[in-house]
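Got a minute for a quick look at a model? Here's a short briefing on a loop and a cavity.

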Amino acid sequence: MSTERTVELLKDAGFSGYEAKAYIALLASGAPVNGYEVAKASGVPRSTVYETLGKLVARGAAFEVKVESDAVSYVPLDVDALIGRLRRQTHSTIGGLEQALPQIGAAVTARVVQHLSGRADVIARSIDVIESAKRSVWLSIWPDESVEFVTAVDQAIARGVDSFTIAYGDVGSLAGRVYTHSYSTPDVVLERLGCRMSIVIADHDQAVIAGVTGDDVWGIWSDDRVVALLAAEHVRHDIALQLTAEHLEAAGFTDFWARDPDLEALRDAAALGIVSAFKDS
């Protein structure tokens with residue numbers, strides 16, 4: 001991992017940029033070093049290096065030591081101790097926020113629709129939804145995205161949340177009740193819609209609905225319960241249809257599903273509507 005990335009991670013953990021660079025210089029030195037040596041190795045200005053080292057000492061990430069000349073030098077807190085301390089601080093901070101924030105005010109009563117753009121945005125918001133679930137998670141997803149949700153779904157199930165997934169292909173180790181969509185097959189669905197549409201719902205309270213076309217990823221997040229209810233019913237309907245189709249396969253359901261003109265008309269009209277809706281968004 002690059003030094004620049006390590007600096008950014010330490011900044012995420014609460015260090016200033018200069019503190020992060022100074023700590024890395026102390027760690028890399030392998031021996032007590034003075035402020036001049038830290039400034040030279042780290043790029044921290046000499047005019048501020050002792051102030052920076054003082055801040056590291058105050059947070060417990062470095063220590064002053066006396067060398068033979070009685071000059072002050074510095075050594076870092078060892079890596080394992082620093083990581084353990086940061087982990088405890090983070091857990092303590094989150095625990096405090098869990099207690100404090102709900103007491104500040106009532107929940108927002110307005111319902112929101114947030115437009116999402118890009119894969120990272122869609123994935124992050126989808127994980128937010130899964131992590132918020134208290135009763136149920138409903139997923140309609142493709143293998144390309146499923147790996148991103150494995151940990152969040154595992155943690156939700158461990159909290160006692162029911163997880164239902166209709167999968168357009170092999171989603172590997174995703175836990176919960178998982179049903180593979182074969183009426184119609186993923187290839188047929190992709191050809192008909194022109195995109196991979198994914199849905200993530202928590203508790204019928206909030207939902208992410210997203211589409212993927214090539215490298216373009218877009219979608220919405222909403223806590224409007226009507227949106228979440230309709231999205232969850234779409235997923236539930238797909239799962240129920242899959243189970244029904246498997247049960248009735250011996251009675252000629254496959255041929256009926258593939259050739260019935262009324263079903264074809266319904267599918268064509270729905271596909272046109274979905275494509276149009278995503279283009280307009």
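What follows covers some backbone angles in one loop, then the space inside the fold. Keep in mind that this is a predicted model. Two non-glycine residues, Asp203 and His204, have a positive phi, and one cavity reaches the 30 Å³ mark.

**The loop between strands 7 and 8**

- Asp203 sits in the loop that links strand 7 (196–202) to strand 8 (206–213).
- Its phi is positive, at about 60 degrees, even though Asp203 isn't a glycine.
- Asp203 counts as buried because its relative accessible area is 7%, and the cut-off for buried is under 20%.
- His204 is in the loop between strand 7 and strand 8 too, and this non-glycine residue also shows a positive phi of about 60 degrees.
- With a relative accessible area of 25%, His204 comes out as partly exposed.

**The cavity**

- How many cavities of 30 Å³ or more are there? The count is one.
- The largest cavity holds about 100 Å³ of space.
- Its lining is made up of 14 residues, and those nearest the centre are Val122, Ile123, Glu145, Ser198 and Ala210.

**Who lines it**

- At least two lining residues come from each of helix 6 (119–132), strand 7 and strand 8.
- Helix 6 gives the largest share of the lining, with four residues.
- Sorted by class, the lining of the largest cavity has ten nonpolar residues, two polar ones and two charged ones.
- Strand 7 and strand 8 thus turn up twice here: they flank the loop with Asp203, and they help line the largest cavity.

Note on methods:
Residues are numbered from 1 along each chain as its sequence is written. This is a predicted model: local features need pLDDT of at least 70, side-chain atom pairs count only at pLDDT 80 or more; totals for chains, interfaces and linings use all residues. Side-chain values use heavy atoms; hydrogens and water are left out. Buried means under 20% relative accessible area, exposed over 50%, partly exposed in between (1.4 Å probe, protein chains only). On a 1 Å grid over the protein atoms alone, a cavity is a set of points where a 1.4 Å probe fits but cannot get out, and a pocket is an open set with protein on both sides within 12 Å along at least five of seven lines; lining residues have an atom within 4 Å of a point. Grid points are joined across faces, edges and corners, and a volume is the space filled by probe spheres set on the points. Ala, Val, Leu, Ile, Met, Phe, Trp, Tyr, Cys and Pro count as nonpolar, Asp, Glu, Lys and Arg as charged, and the others, Gly among them, as polar.
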